[in-house]
Amino acid sequence: MSEVNIAKRKEKCENCTKQCNKKQSDDGANSNQESEEVNGQVNEGSQLLLSACLSCDGCLSDEDTLKISQQGLEEVERVLALNKKCDASKHKVLVASVCPQSLPFFAVKFGVDITEAAHKLCGFLKHIGVQYVFDTTLAAGFSILESQKEFIQRYRRRHHDSHALPMFTSSCPGWIRYSERVLGSLVTPHICTARSPQQIMGCLVKDYFSKQQKLSPEKLYHVVVAPCFDKKLEAVREEFYNSMLETRDVDCVLTSGQIYYLMEQRKVSVEELDSVPLDQVLGDGGDVALVRHDGRGSEGFLEHVFKHAAKELFGVDVQEITYKTLRNRDFQEVTLERDGETLLQFAAVYGFRNIQTLVHRMRKGRVPYQLVEVLSCPGGCLSGRGQAESEGGAGRLDKALVNQMEEIYSSLPVRLPEFNPALHTLYQDWLEGQDSSQARKLLHTEYRDQSHSHAQPPHMQW
């Protein structure tokens with residue numbers, strides 16, 4: 001996907017929002033216009049993705065725009081070019097972290113299996129000047145374990161804390177931005193405080209890895225390859241910036257499509273790329289097989305927390321989870337029952353239409369769930385618009401591509417983070433224990449009601 005197309009998408013999104021505001025204030029003047037909603041996207045002239053509203057909402061400040069403008073290919077190429085020109089003492093060490101949901105995209109585009117795609121991608125990144133390439137599965141393991149622990153704590157204080165339940169997952173920046181800017185205090189106290197896999201990876205690179213390499217964090221330039229544009233917004237959050245060192249945990253987020261576009265720009269063919277194994281945060285231990293977490297193309301927070309809670313709270317060992325589809329494939333629930341009693345009831349809610357339904361029910365006090373996994377993209381992270389849009393753009397989902405990616409992603413073996421020895425090692429060596437103040441500081445954050453400073457757009461009212 002070209003930078004031009006990305007710019008057009010942003011312009012279109014902002015224009016659509018303005019038009020949508022105007023449409024609401026015109027008191028139905030345009031009510032005769034045809035509209036169509038398919039798979040979480042609205043087609044009204046400019047075919048705005050509903051998920052785009054979550055990140056854009058028509059009110060990006062000049063500061064936001066400036067920060068996001070530094071999240072592009074030009075910025076990465078500027079750093080690479082400086083490394084070639086300047087004195088070695090001023091070089092930046094480039095580190096790339098690849099989200100596992102991006103790898104199926106490259107497997108489809110390269111026409112190879114997912115492991116070979118990861119190795120080819122690593123080969124390309126190192127060819128252009130990146131020194132280290134990790135995947136973010138390890139960081140996702142931290143996020144899952146911390147989410148599990150927080151859910152148990154919230155569940156146990158549910159009777160004297162009205163904000164304890166339901167708990168909403170926090171890994172989707174589109175959902176987080178919408179919650180803070182529009183929904184406010186109705187939702188923000190319910191959001192899990194565990195950092196997303198991306199931002200925990202940022203801490204791993206800028207804190208743990210930099211110390212291992214005996215480098216100051218600002219000497220590292222950390223790029224994340226993600227399936228979603230909204231991850232750029234997450235990277236520039238104020239709390240993920242170290243003002244003393246003038247460095248961010250994640251310096252730049254590039255979507256899968258942007259990386260593929262860079263390959264096309266440089267006329268690099270897959271055949272000529274070396275297959276290079278990914279690096280490991282804990283050091284060289286040989287090539288390790290790629291794994292995934294439970295879930296349908298995302299990080300599986302619902303499934304992991306559900307199984308953990310069933311065991312921890314009720315002594316029930318859940319081997320396999322059965323989803324019950326409610327409104328559509330993107331609104332499903334999971335229930336744990338014993339002797340006719342419902343012990344746990346969780347839901348997976350993907351896409352803006354379903355988020356609307358969820359929040360409408362919450363306003364009326366009719367949410368029976370203890371946990372809801374919320375993602376702004378219909379279909380989950382594999383359907384992120386940084387990799388799943390059709391060639392023609394215009395916000396249309398490439399369903400054939402998504403189906404291929406889902407099949408490839410599901411071929412990876414599942415590994416429970418509880419049984420990952422690297423996590424246990426890092427909890428001790430990096431974080432000084434699982435319940436330490438260091439773990440709390442680096443693995444958690446806070447979400448705030450910012451709705452008072454951003455008027456709720458008319459088209460977002462319930």
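**Exercise 1. Find what share of the chain's contacts with a separation of 6 or more joins residues 24 or more positions apart.**

Step 1. Fix the term: contact means heavy atoms within 4.5 Å.
Step 2. Take the contacts with a separation of 6 or more; residues 24 or more positions apart account for 75% of them.
Step 3. Note the basis. This is a predicted model, where local features need pLDDT of at least 70, side-chain atom pairs count only at pLDDT 80 or more, and totals for chains, interfaces and linings use all residues. Residues are numbered from 1 along each chain as its sequence is written, and side-chain values use heavy atoms, with hydrogens and water left out.

**Exercise 2. Describe the chain's burial and surface.**

Step 1. Buried means under 20% relative accessible area, exposed over 50%, and partly exposed in between (1.4 Å probe, protein chains only).
Step 2. The chain has 462 residues, and 56% of them count as buried.
Step 3. The exposed area is about 20,300 Å², with 46% supplied by carbon and sulfur atoms. Areas come from the Shrake-Rupley method with a 1.4 Å probe; for residues, only the protein chains shown count as cover.

**Exercise 3. Lay out the open sheet of 5 strands and its edges.**

Step 1. Count the elements: the chain has 16 helices and 13 strands. Both are DSSP runs numbered from the N terminus: helices are H or I with at least four residues, strands E with at least two.
Step 2. Write the order: β5-β13-β12-β11-β10, with mixed pairing. Strands pair if DSSP finds at least two bridges between them.
Step 3. Find the edges. β5 (167-168) and β10 (324-328) each have a single partner strand, so one side of each lacks a neighbour in the sheet.
Step 4. Follow β10 to β11. A hairpin of 2 residues joins them. β10 pairs with β11 (residues 331-338) in the antiparallel sense over 3 bridges. Asn 328 stands opposite Phe 331 in β11.

**Exercise 4. Show which face of helix α14 is buried, and what packs there.**

Step 1. α14 (residues 399-410) has 12 residues. From first C-alpha to last, α14 reaches 16 Å, close to the 16 Å expected at 1.5 Å a residue. The expected span is 1.5 Å times one less than the number of residues.
Step 2. List the buried residues of α14: Leu 401, Val 402, Met 405 and Tyr 409.
Step 3. Look down the axis of α14. The buried residues fall within an arc of 95 degrees, so they line one face. The arc is that of the directions from the helix axis to the C-beta atoms.
Step 4. Recall the geometry: an α-helix has 3.6 residues a turn, so residues three or four places apart point the same way.
Step 5. Name the partner: the buried residues of α14 pack against α5 (103-110).

**Exercise 5. Explain why Cys 99 forms no disulfide, then place Thr 136.**

Step 1. A disulfide is a pair of cysteine sulfur atoms within 2.5 Å. The structure holds 0.
Step 2. The closest cysteine sulfur to that of Cys 99 is in Cys 381, 8.2 Å away, too far for a bond.
Step 3. Cys 99 is buried, at 8% relative accessibility.
Step 4. Thr 136 lies in the loop between β4 (132-135) and α7 (137-156). Thr 136 is buried too, at 1%.
Step 5. Neighbours within four places in sequence aside, Thr 136 contacts Ser 97, Val 98, Cys 99, Pro 100 and Met 201.
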